[in-house]
Amino acid sequence: MHYVSTRADASAASSSPSNASFSAASFSDILLGGLAPDGGLYLPAEYPQVTGAELDAWRKLSYADLAIAILKKFATDIPEADIEALARKTYTSETYRNARPDENAADITPLRVLEDEGGRKLVLQALSNGPTLAFKDMAMQLLGNLFEYALAKEGTELNIFGATSGDTGSAAEYAMRGKQGIRVFMLSPHKKMSAFQTAQMFSLQDPNIFNIAVEGVFDDCQDMVKAVSNDLEFKARHKIGTVNSINWARVVAQVIYYFRGYLAATKSNEEKVSFTVPSGNFGNICAGHIARMMGLPIDKLVVATNENDVLDEFFRTGIYRVRKSSETHHTSSPSMDISKASNFERFVYDLVGRDPARVKALFAKVETDGGFDLSGAPGSDGDEFKQVARYGFKSGKSTHDERVQTIRDVADDYGIVIDTHTADGIKVAKENIEKGVTMIVLETALAAKFNETILEALGEDAERPAGFENIEALPQKFTVMPPNVENMKAYIAANTGL
Ligand SMILES: *Cc1c(COP(=O)(O)O)cnc(C)c1O
(Lines give C-alpha, C1' and ligand atoms only; values in the text may rest on other atoms or scores of the structure.)
Protein backbone atom coordinates (compact mmCIF):
# COMPACT_ATOMS: atom_id res chain seq x y z
CA MET A 1 0.00 0.00 0.00
CA HIS A 2 1.43 3.36 -0.96
CA TYR A 3 0.10 6.89 -0.93
CA VAL A 4 -0.10 9.59 -3.56
CA SER A 5 -0.81 13.30 -3.42
CA THR A 6 -4.06 14.55 -4.95
CA ARG A 7 -1.93 17.02 -6.91
CA ALA A 8 0.99 14.82 -7.95
CA ASP A 9 1.40 12.79 -11.07
CA ALA A 10 1.48 9.23 -9.71
CA SER A 11 3.23 7.94 -12.84
CA ALA A 12 6.19 10.17 -11.94
CA ALA A 13 7.02 7.74 -9.13
CA SER A 14 8.22 5.03 -11.46
CA SER A 15 9.72 7.26 -14.16
CA SER A 16 11.63 9.52 -11.78
CA PRO A 17 13.10 7.99 -8.62
CA SER A 18 13.96 11.43 -7.25
CA ASN A 19 10.24 12.06 -7.10
CA ALA A 20 9.53 8.89 -5.17
CA SER A 21 9.04 10.52 -1.78
CA PHE A 22 6.54 12.89 -3.36
CA SER A 23 4.55 10.39 -5.29
CA ALA A 24 4.75 7.06 -3.51
CA ALA A 25 4.92 7.41 0.23
CA SER A 26 4.29 4.77 2.90
CA PHE A 27 1.89 5.13 5.83
CA SER A 28 4.80 5.92 8.18
CA ASP A 29 6.20 8.50 5.74
CA ILE A 30 3.02 10.55 5.88
CA LEU A 31 2.02 9.79 9.49
CA LEU A 32 3.64 12.84 11.06
CA GLY A 33 2.88 15.24 8.21
CA GLY A 34 -0.07 17.18 6.88
CA LEU A 35 -0.21 18.46 3.33
CA ALA A 36 1.93 16.78 0.68
CA PRO A 37 4.92 18.92 -0.38
CA ASP A 38 3.02 19.94 -3.53
CA GLY A 39 0.10 21.27 -1.48
CA GLY A 40 -2.14 18.27 -2.17
CA LEU A 41 -3.61 15.74 0.26
CA TYR A 42 -2.51 12.13 0.57
CA LEU A 43 -4.71 9.23 -0.48
CA PRO A 44 -3.96 5.54 -1.07
CA ALA A 45 -2.92 4.87 -4.65
CA GLU A 46 -5.79 2.37 -4.62
CA TYR A 47 -8.42 1.77 -1.96
CA PRO A 48 -7.99 -1.61 -0.29
CA GLN A 49 -11.02 -3.80 -0.89
CA VAL A 50 -13.02 -5.70 1.71
CA THR A 51 -14.69 -8.94 0.68
CA GLY A 52 -18.05 -10.22 1.87
CA ALA A 53 -16.27 -13.04 3.70
CA GLU A 54 -14.11 -10.55 5.54
CA LEU A 55 -17.12 -8.46 6.49
CA ASP A 56 -18.82 -11.59 7.85
CA ALA A 57 -15.78 -12.45 9.91
CA TRP A 58 -15.58 -8.89 11.21
CA ARG A 59 -19.12 -9.04 12.65
CA LYS A 60 -17.87 -10.94 15.67
CA LEU A 61 -14.89 -8.72 16.44
CA SER A 62 -14.42 -6.33 19.32
CA TYR A 63 -13.83 -2.70 18.34
CA ALA A 64 -10.07 -3.06 18.87
CA ASP A 65 -9.91 -6.22 16.76
CA LEU A 66 -11.91 -4.59 13.96
CA ALA A 67 -9.54 -1.62 14.12
CA ILE A 68 -6.58 -3.99 13.79
CA ALA A 69 -8.08 -5.65 10.71
CA ILE A 70 -8.66 -2.29 9.01
CA LEU A 71 -5.39 -0.66 10.05
CA LYS A 72 -3.44 -3.61 8.65
CA LYS A 73 -4.83 -2.77 5.22
CA PHE A 74 -3.62 0.82 5.35
CA ALA A 75 -0.45 0.73 7.46
CA THR A 76 1.26 -2.10 5.62
CA ASP A 77 4.71 -0.87 6.61
CA ILE A 78 4.07 -1.13 10.37
CA PRO A 79 4.72 -4.60 11.84
CA GLU A 80 1.41 -6.35 12.59
CA ALA A 81 2.31 -7.00 16.22
CA ASP A 82 2.86 -3.25 16.69
CA ILE A 83 -0.50 -2.41 15.11
CA GLU A 84 -2.14 -4.88 17.46
CA ALA A 85 -0.50 -3.38 20.52
CA LEU A 86 -1.37 0.18 19.47
CA ALA A 87 -5.03 -0.62 18.79
CA ARG A 88 -5.47 -2.53 22.05
CA LYS A 89 -3.95 0.36 23.97
CA THR A 90 -6.25 2.87 22.24
CA TYR A 91 -9.73 1.39 22.16
CA THR A 92 -10.44 0.67 25.81
CA SER A 93 -13.58 1.17 27.88
CA GLU A 94 -11.39 3.21 30.22
CA THR A 95 -10.64 5.81 27.50
CA TYR A 96 -14.19 5.80 26.10
CA ARG A 97 -15.77 5.78 29.54
CA ASN A 98 -18.17 8.70 29.06
CA ALA A 99 -20.89 6.47 27.65
CA ARG A 100 -24.45 7.16 28.75
CA PRO A 101 -25.48 5.08 31.78
CA ASP A 102 -27.46 2.65 29.59
CA GLU A 103 -24.69 2.24 27.00
CA ASN A 104 -21.90 -0.32 27.12
CA ALA A 105 -18.60 1.58 27.19
CA ALA A 106 -16.80 -1.50 25.84
CA ASP A 107 -18.70 -1.04 22.56
CA ILE A 108 -16.56 2.15 22.08
CA THR A 109 -19.17 3.56 19.62
CA PRO A 110 -22.47 2.20 20.99
CA LEU A 111 -25.59 2.34 18.79
CA ARG A 112 -29.02 3.43 19.98
CA VAL A 113 -32.20 2.84 17.98
CA LEU A 114 -34.25 6.04 18.11
CA GLU A 115 -37.06 4.98 15.82
CA ASP A 116 -38.06 1.73 14.13
CA GLU A 117 -41.50 1.98 12.60
CA GLY A 118 -42.99 1.07 9.23
CA GLY A 119 -39.58 0.21 7.76
CA ARG A 120 -38.11 3.54 8.76
CA LYS A 121 -35.21 3.03 11.10
CA LEU A 122 -33.20 5.85 12.69
CA VAL A 123 -30.13 4.98 14.74
CA LEU A 124 -27.64 7.10 16.65
CA GLN A 125 -23.99 6.01 16.78
CA ALA A 126 -22.16 7.58 19.74
CA LEU A 127 -18.69 8.75 18.74
CA SER A 128 -18.31 11.10 21.65
CA ASN A 129 -17.56 8.95 24.66
CA GLY A 130 -13.84 9.74 24.74
CA PRO A 131 -11.99 12.14 27.07
CA THR A 132 -13.20 15.37 25.43
CA LEU A 133 -16.76 14.24 24.71
CA ALA A 134 -16.52 14.71 20.94
CA PHE A 135 -15.84 12.48 17.95
CA LYS A 136 -12.37 13.94 17.38
CA ASP A 137 -11.17 11.66 20.18
CA MET A 138 -11.93 8.66 17.95
CA ALA A 139 -9.05 9.59 15.68
CA MET A 140 -6.86 11.55 18.02
CA GLN A 141 -6.43 8.89 20.68
CA LEU A 142 -5.05 6.55 18.02
CA LEU A 143 -2.88 9.32 16.62
CA GLY A 144 -1.35 10.06 20.04
CA ASN A 145 -0.27 6.45 20.38
CA LEU A 146 0.91 6.21 16.76
CA PHE A 147 2.97 9.40 17.10
CA GLU A 148 4.55 8.26 20.34
CA TYR A 149 5.42 4.94 18.73
CA ALA A 150 6.86 6.48 15.54
CA LEU A 151 8.88 9.18 17.35
CA ALA A 152 10.41 6.68 19.76
CA LYS A 153 11.36 4.48 16.83
CA GLU A 154 13.07 7.37 15.03
CA GLY A 155 14.51 8.92 18.19
CA THR A 156 13.18 12.35 17.29
CA GLU A 157 10.69 14.91 18.56
CA LEU A 158 7.70 16.76 17.18
CA ASN A 159 5.99 20.10 17.63
CA ILE A 160 2.35 19.81 16.71
CA PHE A 161 0.93 23.03 15.34
CA GLY A 162 -2.76 23.22 14.59
CA ALA A 163 -5.90 25.29 14.51
CA THR A 164 -9.19 24.48 16.13
CA SER A 165 -12.65 25.89 16.39
CA GLY A 166 -13.01 23.81 19.53
CA ASP A 167 -13.09 20.07 19.37
CA THR A 168 -9.90 19.30 17.43
CA GLY A 169 -7.73 21.26 19.79
CA SER A 170 -8.96 19.71 22.97
CA ALA A 171 -8.90 16.23 21.45
CA ALA A 172 -5.29 16.76 20.30
CA GLU A 173 -4.21 18.13 23.64
CA TYR A 174 -5.83 15.28 25.60
CA ALA A 175 -4.22 12.76 23.24
CA MET A 176 -0.73 14.32 23.46
CA ARG A 177 -0.52 15.73 27.00
CA GLY A 178 2.48 14.52 28.89
CA LYS A 179 3.85 12.55 25.93
CA GLN A 180 7.65 12.57 25.69
CA GLY A 181 9.15 14.52 22.79
CA ILE A 182 5.84 16.12 21.77
CA ARG A 183 4.69 19.70 22.23
CA VAL A 184 1.30 21.02 21.10
CA PHE A 185 0.80 24.60 19.87
CA MET A 186 -2.90 25.05 19.34
CA LEU A 187 -4.56 28.13 17.84
CA SER A 188 -8.21 28.87 18.55
CA PRO A 189 -10.39 31.89 17.73
CA HIS A 190 -10.37 34.13 20.81
CA LYS A 191 -13.70 34.06 22.71
CA LYS A 192 -15.47 32.06 19.98
CA MET A 193 -15.57 28.70 21.74
CA SER A 194 -18.12 27.64 24.33
CA ALA A 195 -17.23 28.15 27.98
CA PHE A 196 -16.99 24.40 28.42
CA GLN A 197 -14.67 23.91 25.44
CA THR A 198 -12.50 26.80 26.50
CA ALA A 199 -12.23 25.39 30.00
CA GLN A 200 -11.44 21.94 28.69
CA MET A 201 -8.47 23.20 26.67
CA PHE A 202 -7.19 26.10 28.71
CA SER A 203 -7.30 24.27 32.03
CA LEU A 204 -4.57 21.88 30.90
CA GLN A 205 -1.44 22.83 32.80
CA ASP A 206 0.90 20.31 31.17
CA PRO A 207 4.17 22.04 30.19
CA ASN A 208 4.04 20.52 26.68
CA ILE A 209 0.66 22.14 25.88
CA PHE A 210 0.51 25.73 24.50
CA ASN A 211 -2.89 27.35 23.93
CA ILE A 212 -2.89 30.43 21.70
CA ALA A 213 -6.11 32.48 21.44
CA VAL A 214 -6.07 34.33 18.09
CA GLU A 215 -7.99 37.58 17.67
CA GLY A 216 -9.99 36.45 14.62
CA VAL A 217 -12.18 33.58 13.40
CA PHE A 218 -11.24 29.95 12.83
CA ASP A 219 -10.15 30.54 9.23
CA ASP A 220 -7.64 33.17 10.36
CA CYS A 221 -6.17 30.47 12.61
CA GLN A 222 -6.15 27.96 9.78
CA ASP A 223 -4.47 30.48 7.45
CA MET A 224 -1.71 30.98 10.03
CA VAL A 225 -1.14 27.24 10.21
CA LYS A 226 -0.94 27.08 6.42
CA ALA A 227 1.46 30.03 6.25
CA VAL A 228 3.82 28.49 8.80
CA SER A 229 3.58 25.05 7.16
CA ASN A 230 4.39 26.58 3.76
CA ASP A 231 7.68 27.92 5.18
CA LEU A 232 9.47 24.62 4.65
CA GLU A 233 12.72 25.78 6.23
CA PHE A 234 10.99 26.91 9.44
CA LYS A 235 8.87 23.80 9.46
CA ALA A 236 11.90 21.51 9.21
CA ARG A 237 14.01 23.43 11.72
CA HIS A 238 11.27 23.41 14.34
CA LYS A 239 10.08 19.88 13.57
CA ILE A 240 6.54 21.11 12.94
CA GLY A 241 3.83 18.54 12.40
CA THR A 242 0.09 18.73 12.31
CA VAL A 243 -2.96 16.98 13.62
CA ASN A 244 -5.61 18.93 11.77
CA SER A 245 -8.24 17.02 9.91
CA ILE A 246 -6.18 16.56 6.73
CA ASN A 247 -3.84 14.16 8.55
CA TRP A 248 -4.26 10.85 6.78
CA ALA A 249 -4.03 8.65 9.88
CA ARG A 250 -6.98 10.53 11.36
CA VAL A 251 -9.07 9.74 8.32
CA VAL A 252 -8.13 6.05 8.59
CA ALA A 253 -9.07 5.96 12.27
CA GLN A 254 -12.48 7.32 11.29
CA VAL A 255 -13.00 4.68 8.61
CA ILE A 256 -13.13 2.10 11.41
CA TYR A 257 -16.35 3.33 12.99
CA TYR A 258 -18.26 3.32 9.69
CA PHE A 259 -17.51 -0.40 9.49
CA ARG A 260 -18.45 -0.81 13.13
CA GLY A 261 -21.72 1.11 12.69
CA TYR A 262 -22.66 -0.92 9.64
CA LEU A 263 -21.84 -4.26 11.26
CA ALA A 264 -23.62 -3.42 14.50
CA ALA A 265 -26.76 -2.21 12.71
CA THR A 266 -27.15 -5.14 10.30
CA LYS A 267 -27.39 -8.91 10.34
CA SER A 268 -26.18 -9.62 6.81
CA ASN A 269 -24.18 -7.94 4.08
CA GLU A 270 -27.30 -7.80 1.93
CA GLU A 271 -28.54 -4.93 4.07
CA LYS A 272 -27.72 -1.37 3.14
CA VAL A 273 -27.23 1.46 5.58
CA SER A 274 -26.99 5.21 5.09
CA PHE A 275 -25.04 7.60 7.28
CA THR A 276 -25.81 11.23 8.06
CA VAL A 277 -22.76 13.16 9.19
CA PRO A 278 -22.66 16.60 10.84
CA SER A 279 -19.96 18.12 8.66
CA GLY A 280 -17.48 20.98 8.61
CA ASN A 281 -14.09 20.23 7.13
CA PHE A 282 -15.38 17.10 5.38
CA GLY A 283 -13.00 14.90 7.41
CA ASN A 284 -15.56 12.68 9.07
CA ILE A 285 -17.68 12.04 5.99
CA CYS A 286 -14.55 11.63 3.84
CA ALA A 287 -13.84 8.53 5.94
CA GLY A 288 -17.36 7.34 5.09
CA HIS A 289 -16.61 7.85 1.41
CA ILE A 290 -13.46 5.76 1.78
CA ALA A 291 -15.32 2.99 3.65
CA ARG A 292 -17.82 2.94 0.79
CA MET A 293 -15.03 2.81 -1.81
CA MET A 294 -13.58 -0.17 0.09
CA GLY A 295 -16.82 -2.03 -0.51
CA LEU A 296 -18.82 -1.37 2.66
CA PRO A 297 -22.50 -1.50 1.57
CA ILE A 298 -23.30 2.13 2.31
CA ASP A 299 -26.29 3.46 0.39
CA LYS A 300 -26.25 7.23 1.00
CA LEU A 301 -23.73 9.50 2.65
CA VAL A 302 -25.66 12.55 3.78
CA VAL A 303 -23.71 15.72 4.50
CA ALA A 304 -25.40 17.87 7.16
CA THR A 305 -24.23 21.46 7.54
CA ASN A 306 -25.30 24.39 9.66
CA GLU A 307 -25.71 27.96 8.33
CA ASN A 308 -22.18 27.63 6.94
CA ASP A 309 -23.44 25.68 3.97
CA VAL A 310 -20.47 25.53 1.57
CA LEU A 311 -20.80 21.77 1.32
CA ASP A 312 -24.58 21.69 1.10
CA GLU A 313 -24.35 24.18 -1.75
CA PHE A 314 -21.86 21.97 -3.59
CA PHE A 315 -23.89 18.79 -3.18
CA ARG A 316 -27.04 20.55 -4.38
CA THR A 317 -25.56 22.51 -7.28
CA GLY A 318 -22.04 21.37 -8.18
CA ILE A 319 -20.71 24.80 -7.29
CA TYR A 320 -17.96 24.98 -4.67
CA ARG A 321 -17.77 28.54 -3.41
CA VAL A 322 -15.64 29.19 -0.35
CA ARG A 323 -16.68 31.97 1.99
CA LYS A 324 -14.64 34.87 3.32
CA SER A 325 -13.98 35.14 7.06
CA SER A 326 -16.53 37.93 7.17
CA GLU A 327 -19.16 35.63 5.62
CA THR A 328 -18.54 32.82 8.10
CA HIS A 329 -21.33 32.63 10.64
CA HIS A 330 -20.60 32.10 14.31
CA THR A 331 -23.28 29.50 15.10
CA SER A 332 -24.49 27.32 17.94
CA SER A 333 -22.87 24.30 16.25
CA PRO A 334 -19.46 26.00 16.17
CA SER A 335 -17.34 22.97 15.22
CA MET A 336 -19.00 23.16 11.81
CA ASP A 337 -18.31 26.88 11.33
CA ILE A 338 -16.00 26.67 8.35
CA SER A 339 -15.82 28.60 5.10
CA LYS A 340 -13.79 26.08 3.11
CA ALA A 341 -13.67 22.34 3.73
CA SER A 342 -10.07 21.26 4.04
CA ASN A 343 -10.65 17.55 3.26
CA PHE A 344 -12.96 18.15 0.33
CA GLU A 345 -10.08 17.88 -2.14
CA ARG A 346 -9.85 14.15 -1.38
CA PHE A 347 -13.36 13.60 -2.68
CA VAL A 348 -12.86 15.93 -5.64
CA TYR A 349 -9.83 13.82 -6.63
CA ASP A 350 -12.04 10.74 -6.93
CA LEU A 351 -14.86 12.74 -8.53
CA VAL A 352 -12.66 14.00 -11.38
CA GLY A 353 -11.32 10.51 -12.07
CA ARG A 354 -8.14 10.80 -9.97
CA ASP A 355 -6.64 13.35 -12.34
CA PRO A 356 -4.05 15.31 -10.29
CA ALA A 357 -3.54 18.01 -12.92
CA ARG A 358 -7.23 18.73 -12.88
CA VAL A 359 -7.35 18.82 -9.06
CA LYS A 360 -4.43 21.21 -9.08
CA ALA A 361 -6.17 23.51 -11.56
CA LEU A 362 -9.46 23.46 -9.66
CA PHE A 363 -7.88 24.29 -6.31
CA ALA A 364 -5.70 26.95 -7.92
CA LYS A 365 -9.01 28.44 -9.02
CA VAL A 366 -10.24 28.34 -5.41
CA GLU A 367 -7.26 30.54 -4.51
CA THR A 368 -7.75 32.99 -7.39
CA ASP A 369 -11.53 33.03 -7.93
CA GLY A 370 -12.87 31.71 -4.62
CA GLY A 371 -14.22 28.45 -5.99
CA PHE A 372 -15.12 26.32 -8.98
CA ASP A 373 -18.21 25.10 -10.78
CA LEU A 374 -18.60 21.49 -11.89
CA SER A 375 -22.30 21.83 -12.70
CA GLY A 376 -21.80 21.53 -16.45
CA ALA A 377 -23.65 24.81 -17.04
CA PRO A 378 -22.33 27.03 -19.87
CA GLY A 379 -19.06 28.63 -18.77
CA SER A 380 -18.56 26.20 -15.87
CA ASP A 381 -15.27 24.45 -15.09
CA GLY A 382 -16.56 20.97 -15.87
CA ASP A 383 -19.53 18.64 -15.63
CA GLU A 384 -18.30 16.05 -13.15
CA PHE A 385 -21.08 16.95 -10.74
CA LYS A 386 -23.31 14.57 -12.70
CA GLN A 387 -21.15 11.76 -11.25
CA VAL A 388 -21.92 12.69 -7.64
CA ALA A 389 -24.88 10.32 -7.35
CA ARG A 390 -22.56 7.40 -8.09
CA TYR A 391 -20.80 8.14 -4.83
CA GLY A 392 -24.05 8.22 -2.85
CA PHE A 393 -23.79 11.79 -1.61
CA LYS A 394 -26.79 13.84 -0.49
CA SER A 395 -26.91 16.94 1.68
CA GLY A 396 -28.98 19.30 3.76
CA LYS A 397 -28.60 22.17 6.19
CA SER A 398 -29.98 23.26 9.52
CA THR A 399 -30.33 26.68 11.14
CA HIS A 400 -30.23 27.69 14.78
CA ASP A 401 -34.01 27.58 15.20
CA GLU A 402 -34.20 24.16 13.59
CA ARG A 403 -31.38 22.90 15.77
CA VAL A 404 -33.13 24.09 18.92
CA GLN A 405 -36.41 22.53 17.79
CA THR A 406 -34.66 19.24 16.98
CA ILE A 407 -33.08 19.09 20.43
CA ARG A 408 -36.59 19.52 21.91
CA ASP A 409 -38.16 16.94 19.63
CA VAL A 410 -35.46 14.37 20.31
CA ALA A 411 -35.81 14.90 24.07
CA ASP A 412 -39.62 14.52 23.81
CA ASP A 413 -39.71 11.63 21.34
CA TYR A 414 -36.71 9.55 22.34
CA GLY A 415 -35.90 10.69 25.87
CA ILE A 416 -32.29 11.70 25.30
CA VAL A 417 -30.50 15.03 25.12
CA ILE A 418 -28.33 15.54 22.04
CA ASP A 419 -25.81 18.25 21.26
CA THR A 420 -26.21 20.96 18.64
CA HIS A 421 -24.06 19.31 15.93
CA THR A 422 -25.86 16.02 16.28
CA ALA A 423 -29.13 17.96 16.09
CA ASP A 424 -28.11 19.30 12.68
CA GLY A 425 -27.48 15.69 11.71
CA ILE A 426 -30.85 14.42 12.94
CA LYS A 427 -32.69 17.25 11.20
CA VAL A 428 -31.08 16.45 7.85
CA ALA A 429 -31.27 12.67 8.38
CA LYS A 430 -35.05 12.86 8.79
CA GLU A 431 -35.29 14.57 5.41
CA ASN A 432 -33.28 11.79 3.79
CA ILE A 433 -34.41 8.63 5.56
CA GLU A 434 -35.74 5.95 3.22
CA LYS A 435 -37.87 2.89 3.87
CA GLY A 436 -35.83 -0.28 4.21
CA VAL A 437 -32.49 1.49 4.63
CA THR A 438 -31.31 2.03 8.19
CA MET A 439 -30.20 5.62 8.71
CA ILE A 440 -27.33 6.00 11.14
CA VAL A 441 -26.67 9.49 12.45
CA LEU A 442 -23.18 10.02 13.83
CA GLU A 443 -23.35 11.64 17.26
CA THR A 444 -20.34 13.94 17.12
CA ALA A 445 -20.44 15.48 20.60
CA LEU A 446 -22.20 15.15 23.93
CA ALA A 447 -24.68 17.85 24.90
CA ALA A 448 -22.69 18.97 27.95
CA LYS A 449 -20.15 20.63 25.66
CA PHE A 450 -22.73 23.04 24.25
CA ASN A 451 -24.87 23.70 27.27
CA GLU A 452 -25.79 27.29 26.30
CA THR A 453 -28.06 25.97 23.52
CA ILE A 454 -29.38 23.06 25.57
CA LEU A 455 -30.50 25.56 28.17
CA GLU A 456 -32.22 27.59 25.46
CA ALA A 457 -33.94 24.52 24.01
CA LEU A 458 -34.94 22.65 27.14
CA GLY A 459 -34.78 25.21 29.93
CA GLU A 460 -32.43 22.99 31.89
CA ASP A 461 -28.75 22.10 31.88
CA ALA A 462 -27.38 19.15 29.97
CA GLU A 463 -26.16 16.38 32.21
CA ARG A 464 -22.40 16.19 32.59
CA PRO A 465 -20.53 12.93 32.74
CA ALA A 466 -18.75 12.24 36.03
CA GLY A 467 -15.57 14.26 36.48
CA PHE A 468 -16.71 17.28 34.42
CA GLU A 469 -18.77 18.99 37.12
CA ASN A 470 -16.67 22.10 37.76
CA ILE A 471 -14.23 22.48 34.92
CA GLU A 472 -15.05 26.15 34.22
CA ALA A 473 -13.75 27.00 37.69
CA LEU A 474 -10.29 25.55 37.06
CA PRO A 475 -7.37 27.94 36.45
CA GLN A 476 -6.68 28.57 32.74
CA LYS A 477 -3.37 28.87 30.86
CA PHE A 478 -3.35 30.59 27.41
CA THR A 479 -1.73 33.38 25.35
CA VAL A 480 -3.70 35.94 23.28
CA MET A 481 -2.19 36.87 19.90
CA PRO A 482 -3.19 38.88 16.77
CA PRO A 483 -3.49 36.90 13.49
CA ASN A 484 0.14 37.59 12.63
CA VAL A 485 2.39 34.88 11.22
CA GLU A 486 5.70 36.44 12.31
CA ASN A 487 4.51 36.73 15.91
CA MET A 488 3.50 33.11 15.76
CA LYS A 489 6.85 31.93 14.45
CA ALA A 490 8.68 33.88 17.14
CA TYR A 491 6.48 32.30 19.82
CA ILE A 492 7.13 28.80 18.53
CA ALA A 493 10.87 29.44 18.25
CA ALA A 494 11.00 30.76 21.81
CA ASN A 495 9.20 27.73 23.20
CA THR A 496 10.81 24.91 21.24
CA GLY A 497 14.34 26.12 21.87
CA LEU A 498 15.30 24.71 18.46
C1 LIG B 1 -15.20 18.52 14.02
C2 LIG B 1 -16.64 18.36 14.31
C3 LIG B 1 -17.58 18.25 13.28
C4 LIG B 1 -17.21 18.36 11.82
O5 LIG B 1 -16.40 17.31 11.40
P6 LIG B 1 -15.55 17.44 10.05
O7 LIG B 1 -14.67 16.26 10.05
O8 LIG B 1 -14.77 18.72 10.16
O9 LIG B 1 -16.50 17.47 8.92
C10 LIG B 1 -18.90 18.04 13.64
N11 LIG B 1 -19.29 17.98 14.92
C12 LIG B 1 -18.41 18.10 15.93
C13 LIG B 1 -18.90 18.05 17.33
C14 LIG B 1 -17.06 18.28 15.66
O15 LIG B 1 -16.19 18.39 16.67
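**Exercise 1. Describe the largest pocket of this predicted model: its volume, its lining and the elements that build it.**

Solution.

Step 1. Start with the volume: the largest pocket holds about 1,300 Å³ of space.

Step 2. Turn to the lining. It consists of 48 residues, and those nearest the centre of the pocket are Gly34, Leu35, Ala36, Ser229 and Lys235.

Step 3. Sort the lining by class. There are 24 nonpolar, 13 polar and 11 charged residues in it.

Step 4. Find the elements. Those that supply at least two lining residues each include helix 7 (136-154), helix 10 (218-230), helix 11 (232-237), strand 8 (240-241) and helix 16 (356-369). Helix 10 contributes the most, with 6 residues.

**Exercise 2. State the volume of the second largest pocket and describe its lining.**

Solution.

Step 1. The space in the second largest pocket comes to about 430 Å³.

Step 2. The pocket is lined by 18 residues, and Arg100, Pro101, Val417, Glu463 and Arg464 are the closest to its centre.

Step 3. By class, the lining of this second largest pocket divides into 11 nonpolar, 2 polar and 5 charged residues.

**Exercise 3. Work out how helix 5 and helix 6 are oriented to each other, and which residues make their contact.**

Solution.

Step 1. Locate the helices: helix 5 spans residues 63-74 and helix 6 spans residues 80-90. Their axes come within 9 Å and cross at roughly 140°.

Step 2. Classify the angle. Angles over 145 degrees count as roughly antiparallel and those from 65 to 115 as roughly perpendicular. The angle of roughly 140° falls in neither range, and helix 5 and helix 6 are therefore oblique to each other.

Step 3. Add the handedness: helix 5 and helix 6 cross in a right-handed way.

Step 4. List the contact. Helix 5 brings Ala64, Asp65, Ala67, Ile68, Leu71 and Lys72, while helix 6 brings Glu80, Ile83, Glu84, Ala87 and Arg88. By class, this contact of helix 5 with helix 6 has 6 nonpolar, no polar and 5 charged residues.

**Exercise 4. Do the same for helix 5 and helix 12.**

Solution.

Step 1. Helix 12 covers residues 248-265, and its axis comes within 10 Å of that of helix 5, with a crossing angle of roughly 130°.

Step 2. Helix 5 and helix 12 are therefore oblique to each other, and their crossing is right-handed.

Step 3. On the side of helix 5, the contact is made by Tyr63, Leu66, Ala67, Ile70, Leu71 and Phe74. Among the residues of helix 12 that take part are Trp248, Val252, Phe259 and Arg260.

Step 4. By class, the contact of helix 5 with helix 12 has 13 nonpolar, no polar and 1 charged residues.

**Exercise 5. How many cavities of 30 Å³ or more does the structure hold, and what lines them?**

Solution.

Step 1. The structure holds 2 such cavities.

Step 2. The largest cavity contains about 340 Å³ of space. Its lining has 29 residues, with Phe135, Lys136, Gly280, Asn281 and Ser335 nearest the centre.

Step 3. Helix 8 (167-176), helix 10, helix 12 and helix 13 (283-293) give two or more residues each to the lining of the largest cavity. By class, that lining has 11 nonpolar, 15 polar and 3 charged residues.

Step 4. The second largest cavity has a volume of about 60 Å³. Phe27, Leu71, Ala75, Ile78, Ile83, Leu86, Leu142 and Leu146 line it, and the class count is 8 nonpolar, no polar and no charged residues.

Step 5. Helix 6 and helix 7 each supply at least two residues to the lining of the second largest cavity. Leu71, in this lining, also belongs to the contact of helix 5 with helix 6.

Conventions
Residues are numbered from 1 along each chain as its sequence is written. This is a predicted model: local features need pLDDT of at least 70, side-chain atom pairs count only at pLDDT 80 or more; totals for chains, interfaces and linings use all residues. Side-chain values use heavy atoms; hydrogens and water are left out. On a 1 Å grid over the protein atoms alone, a cavity is a set of points where a 1.4 Å probe fits but cannot get out, and a pocket is an open set with protein on both sides within 12 Å along at least five of seven lines; lining residues have an atom within 4 Å of a point. Grid points are joined across faces, edges and corners, and a volume is the space filled by probe spheres set on the points. Helices (H or I, at least four residues) and strands (E, at least two) are DSSP runs, numbered from the N terminus. Ala, Val, Leu, Ile, Met, Phe, Trp, Tyr, Cys and Pro count as nonpolar, Asp, Glu, Lys and Arg as charged, and the others, Gly among them, as polar. Axes are lines fitted to C-alpha atoms, for helices over the stretch in contact, and angles run from 0 to 180 degrees between N-to-C directions. Angles under 35 degrees count as roughly parallel, over 145 as roughly antiparallel, 65 to 115 as roughly perpendicular and the rest as oblique. A crossing is left-handed if the near helix is turned anticlockwise from the far one by less than a right angle, and right-handed if clockwise. Contact means heavy atoms within 4.5 Å.
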